[in-house]
Amino acid sequence: MKRILLIVSGGIAAYKALELVRLATKAGIGVTAVLTAAGEKFVTPLSLQALTGGKVYQDLFSLTDESEMGHIELSRAADLVVIAPATANILAKLVAGLADDLASTLALATDKPVLVAPAMNVRMWEHAATRANMAVLQQRGVLVVPPDEGAMACGEFGPGRLAEPPAILAAIEAALNDGPLKGKHAIVTSGPTHEPIDPVRYLANRSSGKQGHAIAAALAALGARVTLISGPVSLPDPFGMVVVKVETAREMHAAVRNALPADIAVCAAAVADWHVAPAAQKLKKHGSATPPTLALSENPDILAEISKPGTRRPALVIGFAAETENLAAHATDKRARKHCDWIVANDVSGTGIMGGDENEVLLITGAGTESWPRMGKTRLAQKLADKIKEFFA
Ligand code: CTP
């Protein structure tokens, strides 16, 4: 059984730590709780003890604690140290390496990964000191579940509210994961690209990013380190991975190059084939005799470039083909032309697939073609991730 050491520091949001314990326990994760002095003002040790089913640690100098389990041992007995909620104060202590109470001592002594879920007033979160502290922590590899934006207990509005317990749990599960793709880096492109025409207009397509985002999540769930490079979508950022947001095909191209090397590349994005040189000012209808013409220039083909033989070519490159006719023939041709290993082909002619929740595909590999029946995009993503797992097995 995986185990987390959950440090609950002070703050109105500390009550959500109880829900987090309940969810984690239900998910089969053991929880050892540590409560700071400020945390105890908001939740009682008794509630934490009842939910974790174990001792709640509070005092650095308690002799019983030390005789049962020393603080060094306690800091390493779990697979992951989670600080939720993490106050501005404890984040600053982590940065400085202060060890003046049990929680900060454990965070300094541990040899395990640390995940923080900050919660504080919006001004404190946006303060230059907290910005700088967060930058240092991220650079050190501390995992962060960023706070949500919303109305705060103090009456102000903005980012600073503790992320919801299910989101924190998802990040914990991703961090604890040592699945079959552990050690593999996967780049996934997702969503459409927007190619500006003028400051207010752009060229786009109907891609929602649902399939690409689901694939990124499925690969992360198998333990891969995932970089998701996403065009403009209205989906929440999946947890447990690096998300790079881009707008144009050329930005996506640069972000993919930046993210290399990788073992796996899944190009699920519906990248615009062309861009226009955007006008500096809004194109005016009033006063122009004829409609403007758009001069299109070709965008870089990310999939074709990444598939070129070379030392930086991922071991497995997967492309997508959205077609409206001759699906198998076009997709087979696309696979050969772009030199990718596999192509996931779907018919997007009035099938409701583009933008919808379901997908029906042909998977074309060097070994032949498989026809996958219509299913949810999440299910399809898991099936593809399983195929990828088999490839590396
Ligand atoms: N793709 C890409 N970069 C581009 C265009 C496409 O990486 N500039 C990738 C897509 O992510 C997808 C695959 O190439 O995995 C196929 O995209 P598609 O638009 O269908 O291919 P095209 O080369 O544009 O083929 P055509 O327009 O002739 O169908």
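A polar contact is taken here as a pair of N or O atoms within 3.5 Å. With that cut-off in hand, the ligand site of this predicted model is a good place to start. A backbone N or O atom of cysteine 267 lies 2.6 Å from an oxygen atom of the ligand, so this pair falls within the 3.5 Å limit and counts as a polar contact. The backbone also takes part at phenylalanine 320, where an N or O atom is placed 2.7 Å from a ligand oxygen atom. At aspartate 273, by contrast, the side chain is involved: one of its polar atoms is 2.9 Å from an oxygen atom of the ligand. On its own the ligand has 570 Å² of accessible area, and the protein covers 78% of this.

Turning to the wider surroundings, the space that the ligand takes up is the largest pocket. The shell around the ligand includes Cys267, Ala269, Val271 and Asp273, together with Pro300, Asp301, Ile302 and Leu303. Gly319, Phe320, Lys334 and Lys338 are also among the residues around the ligand. By character, the shell is made up of seven nonpolar residues, one polar residue and four charged residues. Three elements each supply at least two of the shell residues, namely helix 12 (302-306), strand 17 (316-323) and helix 13 (327-338).

The loop between strand 17 and helix 13 holds asparagine 326, and this residue deserves a brief look. Most residues other than glycine have a negative phi. Asparagine 326, although not a glycine, has a positive phi of about 40°.

Two peptide bonds also invite attention, given that most peptide bonds are trans. The bond joining alanine 84 and proline 85 is cis, with omega about -5°, and proline 85 has its place in strand 4 (residues 80-86). A cis peptide bond also runs from leucine 260 to proline 261, with omega near 5°. Here the proline is in a loop: proline 261 lies between helix 11 (249-259) and strand 14 (264-267).

At the level of the whole chain, the model is divided into domain 1 (3-175) and domain 2, the latter formed by residues 185-279 + 292-392. Taken over C-alpha atoms, the centres of domain 1 and domain 2 are separated by 37 Å.

Technical notes
Residues numbered from 1 in each chain as written. Predicted model: local features only at pLDDT ≥ 70, side-chain atom pairs only at ≥ 80, totals over all residues. Heavy atoms only, no water. Near = heavy atom within 4 Å. Polar contact = N/O pair within 3.5 Å; in protein donor to acceptor, adjacent residues only side chain to side chain. Areas by Shrake-Rupley, 256 points an atom, 1.4 Å probe, with all protein chains shown as cover. 1 Å grid on protein atoms, 1.4 Å probe; cavity = no way out; pocket = protein on both sides within 12 Å on 5 of 7 lines; lining within 4 Å. Sits in = over half its atoms within 2 Å of the grid points. Helix = DSSP H or I, 4+ residues; strand = E, 2+ residues; numbered from the N terminus. Nonpolar A, V, L, I, M, F, W, Y, C, P; charged D, E, K, R; others polar. Domains from an automatic or database assignment.
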